[in-house]
Amino acid sequence: MPIYSAAQQEIAEKISSNNVTLKNWRDWRWQLKHSIQDIDTVETLLGIRFDPKKRKALELTVKKFPLSITPYYLSLINTDDHENDPVFKQAFPCSRELEIEKHDMADPLSEDKDSPVPGVTHRYPDRVLLQVSNVCSMYCRHCTRKRKVGDRDSIPGREDILKGIDYVRQHPEIRDVLLSGGDPLMLSDDYLDWILTEVRRIPHVQVIRIGTRMPVVLPYRITPELVERLKKHQPLWLNTHFNHPREINASAKEALRLLADAGIPLGNQSVLLAGVNDCQRIMKSLVHKLVENRVRPYYLYQCDLAEGLSHFRTPVGKGIEIMESLRGHTSGFAVPTYVIDAPGGGGKIPMNPNYLISLSTNKVVLRNYEGVITTYQEPEKYESIFCNRKCDECHLDLKLEDSTECAAVGIERLLSDSDRTISLTPENNDRMERRTHD
């Protein structure tokens with residue numbers, strides 16, 4: 001049986017001397033077992049050769065930042081122009097990763113400092129990141145956690161994960177738990193199911209999220225069996241990480257379909273990368289492909305100040321330029337929020353083109369995506385409600401509880417299964433009057 005494409009067929013045959021079937025190729029465990037982790041194999045599979053000087057520099061890079069590429073993702077590389085291929089640039093090491101600039105940091109987001117217990121990052125008041133794996137199916141060259149990913153000596157065990165879950169249990173302000181890594185979907189279905197079950201048992205946790213790049217680099221991991229496990233733990237959200245429209249092919253689309261059909265909301269977090277997607281046309285094509293496959297563009301990240309990423313970073317102005325090409329030029333739900341994850345753990349700061357030109361006490365001057373300048377008239381009378389923020393003393397009925405679907409009246413109340421009324425009594429009923437006086 002043939003592999004999905006000629007390129008995949010060729011790579012599979014070079015990897016294994018046996019007759020590799022489509023079933024083998026689409027088995028995510030087969031893909032992991034045959035991950036490419038050395039330069040020699042990349043040269044053999046892609047039919048390319050690096051000159052000795054470049055080869056030596058690449059070997060030094062791999063010693064510090066490991067190489068691991070799934071056969072599937074490797075098969076997406078355009079071998080006619082691999083040096084400029086966006087897939088190649090994200091997957092294969094570059095000697096410039098060893099260039100450490102003066103502003104680079106090993107932990108640019110201060111995740112270790114914001115870690116009250118191992119494996120937990122608690123930066124925002126009501127949500128935490130729970131790191132459940134340090135390994136990925138592929139090591140992205142632009143990863144902000146290059147210091148950790150691939151460190152098999154520090155993979156969190158069940159005891160470590162339980163400590164993180166216990167931290168969540170002890171902090172009732174936490175309503176949102178994000179499983180991250182590494183890649184959480186590197187865990188077995190059973191182990192992942194166990195983690196999700198333990199987190200879901202915590203009464204104050206409203207939402208669980210999973211951050212994974214599997215739909216991009218190993219879509220065969222999204223199996224019907226995995227999806228059935230995930231469905232058990234709703235509400236569950238999943239964010240993935242497509243950076244270029246070429247990554248959304250038939251296999252990726254099938255993985256996204258399985259997840260979306262299961263009722264799991266999907267989001268995408270892209271990173272702005274020089275030479276990969278720093279182009280308005282590329283980014284517009286990407287967001288259009290995402291929404292076509294029921295994935296909401298969530299964030300567009302400015303590349304972090306992590307060590308080894310300087311060659312990927314663009315000026316912030318490039319991100320603003322891209323946002324100018326999206327807002328108003330395509331559907332609003334296809335426009336991600338462009339953010340800088342502030343160094344030092346300050347969190348995500350949105351960066352937007354300036355649409356507010358000026359304002360006075362009664363009028364705001366705005367401009368739209370076309371450059372049209374317009375005004376918005378402020379209300380002539382507005383009485384603000386003073387709030388001293390002493391919520392314990394507040395008697396204002398905020399009506400935050402869920403509303404009832406309908407207010408049944410009369411005989412409808414007796415027929416309704418959701419209304420506990422068992423009888424209707426007219427006003428001034430003598431019998432009821434006697435009861436009140438007894």
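**Notebook: helix contacts, holes and odd backbone spots**

**Entry 1, α8 and α9.** I started with one helix pair and found that R158, I161, L162, I165 and R169 in α8 meet Y191, W194, I195, E198 and V199 in α9. I sorted this contact by class and got seven nonpolar, three charged and no polar residues. Note to self: this is a predicted model. α8 covers residues 158-169 and α9 covers residues 189-200; their axes come within 10 Å and cross at roughly 20°. Angles under 35 degrees count as roughly parallel, so α8 is roughly parallel to α9. I also looked up the handedness, and the crossing of α8 past α9 is right-handed.

**Entry 2, α9 and α11.** Next I followed α9 to another partner. What is the angle between α9 and α11? They pack at about 10°, and their axes are 10 Å apart. That makes α9 and α11 roughly parallel to each other, because the angle falls under the cut-off of 35 degrees. From α9, the contact uses D189, D190, L192, D193 and L196, while α11 brings E225, L226, R229 and L230. I wrote down the classes for α9 with α11: five charged, four nonpolar and no polar residues.

**Entry 3, α4 and α5.** Then I went back towards the start of the chain. Helix α4 (residues 39-46) and helix α5 (residues 52-64) have axes that come within 11 Å and cross at roughly 125°. I had to check the word for that: α4 and α5 are oblique to each other, since 125° fits none of the ranges for parallel, antiparallel or perpendicular. On the α4 side I found I39, D40 and E43, and on the α5 side R55, L58, E59 and V62. This contact of α4 with α5 has four charged, three nonpolar and no polar residues.

**Entry 4, the largest pocket.** I moved on to empty space. The largest pocket has a volume of about 1000 Å³. Which of its 43 lining residues are closest to the centre? They are T144, R145, S180, Q269 and Y301. I checked which strands take part, and β1 (120-124), β2 (127-131), β3 (176-180), β4 (207-211), β5 (236-240), β6 and β7 each give at least two residues to this lining. By class, the pocket lining splits into 18 nonpolar, 15 polar and 10 charged residues.

**Entry 5, a cavity.** How many cavities of 30 Å³ or more does the structure hold? I noted two. I looked at the second largest, which has a volume of about 50 Å³. Its lining includes N268, S270, M283, L286 and P336. β6 (266-272), α13 (280-292) and β7 (296-302) each supply at least two of the lining residues. I counted up the classes for this cavity: nine nonpolar, two polar and no charged residues. β6 and β7 also turned up in the lining of the largest pocket.

**Entry 6, backbone oddities.** Last, I hunted for unusual backbone. Most peptide bonds are trans, and most residues other than glycine have a negative phi. Where is the cis peptide bond that I noted? It joins Q234 and P235, with omega at about 0°. P235 sits in the loop between α11 (224-231) and β5. My other find is R294: it isn't glycine, yet its phi is positive, near 65°. I located R294 in the loop between α13 and β7.

Technical notes. Residues are numbered from 1 along each chain as its sequence is written. This is a predicted model: local features need pLDDT of at least 70, side-chain atom pairs count only at pLDDT 80 or more; totals for chains, interfaces and linings use all residues. Side-chain values use heavy atoms; hydrogens and water are left out. Axes are lines fitted to C-alpha atoms, for helices over the stretch in contact, and angles run from 0 to 180 degrees between N-to-C directions. Helices (H or I, at least four residues) and strands (E, at least two) are DSSP runs, numbered from the N terminus. Angles under 35 degrees count as roughly parallel, over 145 as roughly antiparallel, 65 to 115 as roughly perpendicular and the rest as oblique. A crossing is left-handed if the near helix is turned anticlockwise from the far one by less than a right angle, and right-handed if clockwise. Contact means heavy atoms within 4.5 Å. Ala, Val, Leu, Ile, Met, Phe, Trp, Tyr, Cys and Pro count as nonpolar, Asp, Glu, Lys and Arg as charged, and the others, Gly among them, as polar. On a 1 Å grid over the protein atoms alone, a cavity is a set of points where a 1.4 Å probe fits but cannot get out, and a pocket is an open set with protein on both sides within 12 Å along at least five of seven lines; lining residues have an atom within 4 Å of a point. Grid points are joined across faces, edges and corners, and a volume is the space filled by probe spheres set on the points.
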